[in-house]
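Visitor: Before we look at the model together, I would like to ask how each term you use is justified. Please set the values against the definitions as we go.

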Amino acid sequence: MSTARIVVQPPSPAGGRHVHVDGENLGLAQSDMDVVEFLRRSGLPDAEPLLDDPAWVEWRGAPPHDYGGPSRSSA
């Protein structure tokens with residue numbers, strides 16, 4: 001089991017990933033910038049370097065930085 005304080009849940013079918021810090025849902029992120037903003041609001045002002053640190057962030061159900069959603073190639 002991970003001890004990371006930040007958990008980025010698997011992408012939803014419509015796209016986006018819920019972000020949790022210490023078990024609290026901060027919102028649905030559509031991009032890394034959304035995650036960084038959620039973390040800034042929760043008291044981590046310099047969160048961007050943490051996104052690739054597994055000691056801080058656990059990415060579940062999909063690769064890091066993948067926010068899912070409908071394929072853009074079918075447009």
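Guide: This is a predicted model, and its 4 strands form an open sheet in the order E3-E2-E1-E4, with mixed pairing.

Visitor: What makes E3 and E4 the edges of the sheet?

Guide: Each of the two has a single partner strand, so one side of E3 and one side of E4 remain without a neighbour in the sheet, and this is why they stand at the edges. From one strand to the next, the twist averages 20 degrees.

Visitor: How do you know that E1 and E4 pair, and in which sense?

Guide: Pairing requires at least two bridges found by DSSP, and E1 and E4 have 3 bridges in the parallel sense, so the criterion is met. In one of these bridges, Val 7 has Glu 58 of E4 as its partner.

Visitor: What makes the pairing of the sheet mixed rather than purely parallel?

Guide: Whereas E1 and E4 pair in the parallel sense, E1 and E2 pair in the antiparallel sense over 3 bridges, with Ile 6 opposite Val 21 in E2. E2 and E3 (residues 24–29) also pair in the antiparallel sense, over 5 bridges, and among the partners in E3 are Gly 27 for Val 19 and Leu 28 for His 18. With both senses present, the pairing is called mixed.

Visitor: What joins E2 to E3 in their hairpin?

Guide: There are 2 residues between the two strands of the hairpin, and Asp 22 in the turn has a positive phi of about 50 degrees.

Visitor: Why is E2 called mostly covered?

Guide: A residue is buried when its relative accessible area is under 20%, and 4 of the 5 residues in E2 are buried, so the strand is described as mostly covered.

Visitor: How many residues has the largest nonpolar core, and which elements give two or more residues to it?

Guide: The core has 16 residues, and those with the most contacts inside it are Ile 6, Val 35 and Leu 39. Two or more residues come from each of strand E1 (6–8), strand E2 (17–21), helix H1 (32–41) and strand E4 (57–59), and H1 provides the largest share, 4 residues.

Visitor: How do you know that H1 packs on the sheet?

Guide: H1 touches E1, E2, E3 and E4, and its direction makes about 150 degrees with that of E3. As for Val 35, its contacts beyond the neighbours within four places in sequence are Val 19, Ala 29, Leu 51 and Tyr 67, where contact means heavy atoms within 4.5 Å.

Note on methods
Residues numbered from 1 in each chain as written. Predicted model: local features only at pLDDT ≥ 70, side-chain atom pairs only at ≥ 80, totals over all residues. Heavy atoms only, no water. Core = buried A, V, L, I, M, F, W, Y, C linked by side-chain atoms within 4.5 Å. Buried < 20%, exposed > 50% of the residue type's maximum accessible area, 1.4 Å probe, protein only. Axes fitted to C-alpha atoms, helices over the stretch in contact; angles between N-to-C directions.
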